[in-house]
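Q: Could you take me through one helix of this protein up close? I'd like to know how it sits against the rest of the chain.

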Amino acid sequence: AAIEYGLDAPYTVEYHDSIGSTNDRARELAADGDRDVVVVADEQTGSRGRLDRSWVAPSGGIWASAVLQPSLPAAHVPLVTLAAGVAVVDACRSVGVEATLKWPNDVLVGDDTADSQRGGLKLAGILTEMEGEADRVSWLLVGIGLNANIDGDALPAGATSLREQVGDVDRRAVLQTTLESLSTLLDASETVLDRWREYSSTLGREVRVDTGREQITGRAVDVRFPGALVIDTDSGEEVVHAGDCEHLRPA
Ligand code: BT5
């Protein structure tokens with residue numbers, strides 16, 4: 001289903017009924033020097049999550065990749081991922097869905113403990129990509145996958161959609177709200193961690209984080225610049241910069 005996807009300035013939209021991955025297309029545009037362009041698709045046939053995991057993206061979702069003006073050092077990029085999560089939650093709440101954030105990039109709905117140890121049902125995910133040097137980002141893009149007007153049975157187990165939660169939404173309006181919120185947050189980046197804490201369902205919980213090299217179990221107590229998770233473990237405080245986080249049952 002083709003959709004009207006005109007967005008307010010400064011964004012220009014490149015819309016596709018069907019595409020492999022909006023992030024892949026956005027990379028090409030970014031490498032060509034385009035900025036403030038948002039690649040949007042109704043359906044993706046080869047979309048990706050982190051670590052090359054696949055992302056299920058049938059017709060009806062909000063699949064979007066925004067090429068932003070990178071005005072920050074590469075080390076600050078994790079903050080952009082957190083900001084994008086906050087922006088997606090703002091947009092979900094604007095249509096009446098009480099979403100929360102699981103570190104670092106998952107947008108969840110529902111009570112963790114009731115829905116198993118996996119940690120709520122996943123409504124959206126963020127995939128931020130960049131290229132550049134330590135002190136200078138040459139391009140930066142934020143990929144947003146938000147299950148919008150999709151039946152639950154078209155999604156993987158453990159996922160949910162806005163349709164399942166509140167019924168169908170105006171995808172253009174939800175994306176517009178997301179991008180406006182993201183740009184407000186990036187203009188005031190000192191507010192991002194507080195906004196993230198407010199929406200977090202990770203903080204205060206027992207978690208297990210797989211960093212790829214080790215598993216760290218303990219109580220998530222804070223997020224720290226530029227986006228690290230602080231965990232109280234039996235052997236002291238650990239600061240984790242990247243990994244997969246699982247919410248465990250409350251202690
Ligand atoms: C993410 O990865 O959550 C980031 C997903 C980003 C997708 C967007 S869509 C627009 C843009 N273009 C792209 O090609 N990508 C971005 P990660 O944290 O690695 O989670 C991936 C895992 O989520 C998968 O292994 C599945 O378990 C699960 N999953 C896959 N599709 C899902 C869906 N539609 N809804 C909820 N969970 C899903």
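A: Here is a walk along helix H4, followed by a look at its surroundings. Keep in mind that this is a predicted model.

H4 runs over residues 171-187, so to speak a stretch of 17 residues. From its first C-alpha to its last it reaches 24 Å, close to the 24 Å expected at 1.5 Å a residue. Now for what is tucked away: Arg171, Val174, Leu175, Thr178, Leu179, Ser181, Leu182, Leu185 and Leu186 are buried. Look down the axis of H4 and these buried residues fall within an arc of 165 degrees, so they line one face of the helix. The spacing fits a general rule: an α-helix has 3.6 residues a turn, so residues three or four places apart point the same way.

What lies over that face? The cover for the buried residues of H4 includes strands E2 (37-44), E3 (62-68) and E7 (136-146), along with helices H2 (77-94) and H5 (192-199).

Two of those strands turn up again at the ligand. It is surrounded by 29 residues, the closest being Ser47, Gly49, Gly125, Gly143 and Gly145. E3 and E7 each give two or more residues to that shell, as do helix H1 (22-31) and strand E6 (121-133). E6 supplies the largest share, four residues.

Stepping back, the protein has five helices and twelve strands. Its radius of gyration is 17 Å, close to the 18 Å that the globule rule gives for 251 residues, so it is as compact as a globular protein of that length. Of those 251 residues, 45% count as buried.

Terms used
Residues numbered from 1 in each chain as written. Predicted model: local features only at pLDDT ≥ 70, side-chain atom pairs only at ≥ 80, totals over all residues. Expected span 1.5 Å × (residues − 1). Buried ≥ 20, exposed ≤ 12 C-beta atoms within 10 Å, placed from the backbone. Arc of directions from axis to C-beta. Contact = placed C-beta atoms within 7 Å. Near = placed C-beta within 6 Å. Rg over C-alpha atoms; globule rule 2.2 N^0.38 Å.
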